[in-house]
Structures are given as C-alpha cells and as structure tokens.
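Colleague: Could you walk me through some of the labels used for this model? I'd like to hear what stands behind each one.

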Amino acid sequence: SMVDYPFFQRLRREPVNLTHLWLLFVNAQEGVVSHFTRRLALIIAHSHNDYICCILAKQLNEELGNGDVFQIHRKIFERLILSLELYKPQQIAQEMLIPGLELSERLESLYSDPNSFIGVGAAILMEIRGKQRDEVVGKELARTTEARSSLACLQLHGELEADHADEVMNLARQIDNSDGDMDIIAILQGLKMTSDALWDFCNAMYRICFM
C-alpha cells in the first residue's frame with residue numbers, strides 16, 4: 001500500500017506541510033493526471049478483449065465527465081492544486097518537477113506498449129494506488145483547518161477513484177479465473193514496472209521535500 005512508502009510515512013510523522021502536498025499534486029498532475037485519458041484510450045485501442053474494453057471504456061467516459069466538459073476529472077484535480085496556491089514555493093526550481101516528468105515518461109511507455117496487456121497491468125495498479133494516495137493525503141488535509149477547500153476537492157476526486165479501484169479489482173479477478181485468453185505474464189509485467197515507477201516517484205518526492 002502507498003501508506004507504507006517512506007514519503008507518506010514521513011508526511012504522517014511530521015506537522016502538516018501544505019507546500020509538500022502542493023509539490024506532490026503538481027508532480028502527480030504531470031506524471032499521471034494530464035495524460036491519463038489519452039493513455040487509457042491507447043489501451044482500449046490496442047486491446048482485443050471485450051471485457052477489458054468494456055471496463056476501461058466506462059472509466060474513460062467517467063474520467064471525461066460523462067460528456068460534460070465541466071466535470072472532466074482532470075479539471076477537478078486542477079481545482080485541487082489551485083486550492084493550495086498560497087502554499088506553493090516562492091521559487092520553483094526545475095528539479096522540483098523532475099519526479100513528475102520521469103514518471104510520465106515511464107507510464108507513457110507502459111500505456112502505449114503494443115502489447116495491451118502490459119498497459120492493462122499498469123491501469124490496474126494505477127487505479128488501486130490512486131485510491132490509496134487519496135486516502136493517505138485526505139488524512140493529511142484533515143489534520144489542518146487551513147485546507148478545507150482542498151479536502152473537499154480531494155473527496156470529490158476520490159469518489160471516482162474508489163469506484164474505479166473496485167472495478168479494476170474485479171477485472172483482476174476475471175484475469176485470475178480466465179481460460180487463457182489473457183496474457184497474464186504481460187499483465188504481471190505491467191504491474192511490476194508500474195509499481196517500480198511509483199516507488200521511484202515517491203522516493204524522488206522524498207528527496208525534494210526532506211533532503
């Protein structure tokens with residue numbers, strides 16, 4: 001779970017630092033959020049499995065606000081960052097944004113892999129970790145009265161994350177019970193590579209915030 005990552009453990013031990021959370025959100029925006037719908041669409045385009053396409057297409061539609069441009073999930077995340085604008089660093093050095101750029105590059109490779117099952121593994125883990133991240137960060141924001149609007153945005157963002165995490169868990173169970181029509185080895189490869197990318201991302205965030 002993301003709660004076990006050293007970066008989040010350190011956040012929990014210390015007084016709430018909204019500058020650190022702003023840096024986390026900005027890097028997550030570049031690494032994940034800004035490109036998420038396009039990457040999800042790539043997996044659907046490459047996949048020939050009807051079950052996978054149905055689950056991911058439903059999630060893609062919800063990420064795009066179910067046809068309402070004002071409810072696009074990315075825009076909710078942008079409001080979350082804006083709610084912490086007062087706490088962003090006075091000077092933003094380029095190295096502060098490297099974790100998001102490096103994560104983006106690695107996820108782009110996974111989601112766009114011609115073997116769609118590698119992207120499926122990435123999609124499964126990203127939804128589960130996204131839910132865990134929102135839960136951990138939500139507890140941080142709840143520890144201070146200075147971030148009520150941020151907490152409200154995160155809760156709105158987290159509602160969809162929770163539903164999507166449940167859906168990909170059902171997808172994972174379907175894979176486990178499959179009769180060979182899914183490439184389980186490639187899915188596991190996608191899971192492992194995504195897990196490594198997120199671990200490195202959080203370690204990079206730790207260095208920026210605490211070293």
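Modeller: Sure. A residue counts as buried when its relative accessible area is under 20%. Keep in mind that this is a predicted model. With that cut-off, Tyr-206 and Phe-210 are both buried.

Colleague: What makes Phe-25 and Phe-77 buried or exposed?

Modeller: Set their values against that limit of 20%. Phe-25 has 2% relative accessibility, so Phe-25 is buried. Phe-77 comes out at 0%, so Phe-77 is buried as well.

Colleague: How many aromatic pairs are there?

Modeller: The count is six. One of them joins Phe-25 and Phe-77, with 5.8 Å from centre to centre and 85° between the planes.

Colleague: Why is the pair of Phe-25 and Phe-77 called edge-to-face?

Modeller: Ring centres have to lie within 6.5 Å to pair, and planes over 60 degrees apart are edge-to-face. The 5.8 Å and 85° of Phe-25 and Phe-77 meet both conditions, so the label follows.

Colleague: Which parts does that pair tie together?

Modeller: Phe-25 sits in helix 2 (residues 18-31) and Phe-77 in helix 5 (residues 73-83), so the parts joined are 52 residues apart in sequence.

Colleague: And what makes the pair of Tyr-206 and Phe-210 tilted?

Modeller: Their planes are at 55°, with the centres 5.1 Å apart. Stacked needs under 30 degrees and edge-to-face over 60, so 55° leaves tilted. Tyr-206 and Phe-210 are four residues apart in helix 9 (residues 184-210), which means about one helical turn separates them. They also belong to one aromatic cluster with Phe-7 and Phe-8.

Colleague: On to the helices. Why is helix 3 called oblique to helix 7?

Modeller: The axes of helix 3 (residues 36-46) and helix 7 (residues 116-142) cross at roughly 140° and come within 9 Å. Roughly antiparallel would need over 145 degrees, and perpendicular ends at 115, so helix 3 is oblique to helix 7. The crossing is left-handed. Among the residues in contact are Phe-36 and Ile-43 of helix 3 and Val-120 and Glu-127 of helix 7. By class, this contact has four nonpolar, three polar and one charged.

Colleague: How do helix 2 and helix 9 cross?

Modeller: Their axes come within 11 Å and cross at roughly 145°, and helix 2 passes helix 9 in a right-handed crossing. Leu-23, Leu-24 and Ala-28 are among the helix 2 residues there, meeting helix 9 residues including Met-205, Ile-208 and Phe-210. Eight residues of this contact are nonpolar, two are polar and none is charged.

Methods. Residues are numbered from 1 along each chain as its sequence is written. This is a predicted model: local features need pLDDT of at least 70, side-chain atom pairs count only at pLDDT 80 or more; totals for chains, interfaces and linings use all residues. Side-chain values use heavy atoms; hydrogens and water are left out. Axes are lines fitted to C-alpha atoms, for helices over the stretch in contact, and angles run from 0 to 180 degrees between N-to-C directions. Angles under 35 degrees count as roughly parallel, over 145 as roughly antiparallel, 65 to 115 as roughly perpendicular and the rest as oblique. A crossing is left-handed if the near helix is turned anticlockwise from the far one by less than a right angle, and right-handed if clockwise. Contact means heavy atoms within 4.5 Å. Ala, Val, Leu, Ile, Met, Phe, Trp, Tyr, Cys and Pro count as nonpolar, Asp, Glu, Lys and Arg as charged, and the others, Gly among them, as polar. Buried means under 20% relative accessible area, exposed over 50%, partly exposed in between (1.4 Å probe, protein chains only).
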